[in-house]
Amino acid sequence: MHEPISALPMGVFIDGLTGAVNPASGHYVKRLSELREIYQDKAAFDHAVRERDDPVTYEVVEYRPENSDIYFGTTTMYPGDIGGEFHMTRGHFHARRDMGEVYYTQSGTGILLLESRNGETRTVEMKPGVCAFIPPDWAHRSINTGTEPLVFVWVCNPLAGHDYGEILKRGMRKRVMKIEGGVKMIDNIAYV
Ligand SMILES: [Fe+2]
């Protein structure tokens, strides 16, 4: 699903409401059923996969020129929660510990949850106009806390890579929940 794109100058159209990228070099979707490890309430999760027909919870479109130290794209996250826990991405460290990233929110609202290697938690509000700086070696996960799609542009070095394993195995220390209609961050009791 990856088309080679030359590293010539280019203006790429990005639709800040849908996350469409044109031209694009690749695209993937994440269905709920692929994300069982990350949610706390497995019964609510199984129920949601069945009753909601295994929805796409987020998708990623990229523009990756060949032989470049920069690539970018969009992530579009659909709203919803699983047993009160808002839709979220898997979360990852970069394989390269010296490479950070930028997330520039286009529409919707959410929380960017970050965790350092020594366990410090930080958050950055995601809303249109906020460009989040993700420092090297901080795990990052985005969470749609609103009722509309959360669309953001990310910019990264393609050599940064993704280390999903660490977060899938241990989880992150905090969870972001819908509690009494509000958004609350709580300790992750399953964190190991
Ligand atoms: Fe990243």
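In this predicted model, His140 is well out of solvent's way: with a relative accessibility of 2%, the residue counts as buried. His140 is also one of the residues holding the iron ion, which is coordinated through NE2 of His92, His94 and His140 and through OE of Glu101, at 2.0 to 2.3 Å. Glu101 is buried too, at 8% relative accessible area. Along the chain, the iron donors are laid out as H-x1-H-x6-E-x38-H. Because Glu101 belongs to strand 8 (residues 101–107) and His140 to strand 12 (residues 138–144), this pair ties together parts of the chain that sit 39 residues apart in sequence. As for geometry, the angles among the four donor atoms run from 85 to 164°, and the site comes out as irregular. The upper end of that range, 164°, goes past the 135 degrees allowed for a tetrahedral set of four donors. For reference, four tetrahedral donors would ideally give 109.5 degrees.

Next comes the packing of nonpolar residues. The largest nonpolar core has 35 residues, and those touching the most other members are Leu32, Tyr39, Tyr103, Leu112 and Phe152. Two or more residues each come from helix 1 (42–51), strand 4 (56–63), strand 5 (71–77), strand 9 (110–116), strand 11 (131–134), strand 12 and strand 13 (150–156). Grouping of this kind fits a familiar pattern, as nonpolar side chains in soluble globular proteins tend to be buried together. Tyr39 gives a feel for the surroundings: beyond its neighbours within four places in sequence, Tyr39 contacts Leu32, Phe45, Ile82, Glu85, Phe86, His87, Met88 and Arg175. There is also a second, separate core of five residues, among them Val12, Val21, Val61 and Tyr63.

What about empty space? The largest pocket takes up about 370 Å³. It has 25 lining residues, of which Tyr28, Val60, Trp154, His162 and Tyr164 lie closest to the centre. Strand 3 (26–31), strand 4, strand 5, strand 8, strand 12 and strand 13 each put at least two residues into the lining of this pocket, and strand 4 gives the most, with four. Strand 8 and strand 12, then, turn up both in the pocket lining and as the homes of the iron donors Glu101 and His140.

Closed-off space is a shorter story, with a count of one cavity of 30 Å³ or more. The largest cavity holds about 30 Å³, and its walls are made by Glu85, Met88, Leu113, Arg141, Ile143, Lys174, Arg175 and Val176. Strand 14 (174–179) and strand 12 each supply at least two of these residues, with the largest share, three residues, coming from strand 14. Three of the names are already familiar, since Glu85, Met88 and Arg175 also appear among the contacts of Tyr39.

A few individual positions are worth a look. Ile167 sits in helix 2 (residues 165–170) and is buried, at 2% relative accessibility. Setting aside residues within four places in sequence, Ile167 is in contact with Arg90, Gly91, His92, Phe93, Ala139, Arg141 and Met172; one of these, His92, is an iron donor, and another, Arg141, lines the cavity. Ile167 and Glu37 are 130 residues apart in sequence, yet their C-alpha atoms are 9.6 Å apart.

Pro55 is located in the loop between helix 1 and strand 4 and is buried as well, with a relative accessible area of 18%. The contacts of Pro55, leaving out neighbours within four places in sequence, are Lys30, Arg31, Leu32 and Ala48. Ala20, by contrast, is partly exposed at 37%. Ala20 lies in the loop between strand 1 (13–14) and strand 2 (21–22), where Phe13, Ile14 and Asp15 are in touch with it, not counting residues up to four places away.

Finally, the backbone has some quirks. Most residues other than glycine have a negative phi, and most peptide bonds are trans. The bond from Asn22 to Pro23, however, is cis, with omega near 0°; Pro23 falls in the loop between strand 2 and strand 3. Asp137 has a positive phi of about 70° without being a glycine. Asp137 is in the loop between strand 11 and strand 12 and is buried, with 18% relative accessible area. Glu180 likewise has a positive phi, near 50°, in the loop between strand 14 and strand 15 (182–187), but counts as exposed at 80% relative accessibility.

Notes: Residues are numbered from 1 along each chain as its sequence is written. Side-chain values use heavy atoms; hydrogens and water are left out. Donors are N, O and S atoms within 2.8 Å of the metal (3.2 Å for Na, K and Ca); water is not among the atoms, so sites may look incomplete. Four donors count as tetrahedral if all angles lie between 85 and 135 degrees; four count as square planar and six as octahedral if opposite donors are over 155 degrees apart and all others between 65 and 115; anything else is irregular. Buried means under 20% relative accessible area, exposed over 50%, partly exposed in between (1.4 Å probe, protein chains only). A nonpolar core is a set of buried Ala, Val, Leu, Ile, Met, Phe, Trp, Tyr and Cys residues joined through side-chain atoms within 4.5 Å. Contact means heavy atoms within 4.5 Å. On a 1 Å grid over the protein atoms alone, a cavity is a set of points where a 1.4 Å probe fits but cannot get out, and a pocket is an open set with protein on both sides within 12 Å along at least five of seven lines; lining residues have an atom within 4 Å of a point. Grid points are joined across faces, edges and corners, and a volume is the space filled by probe spheres set on the points.
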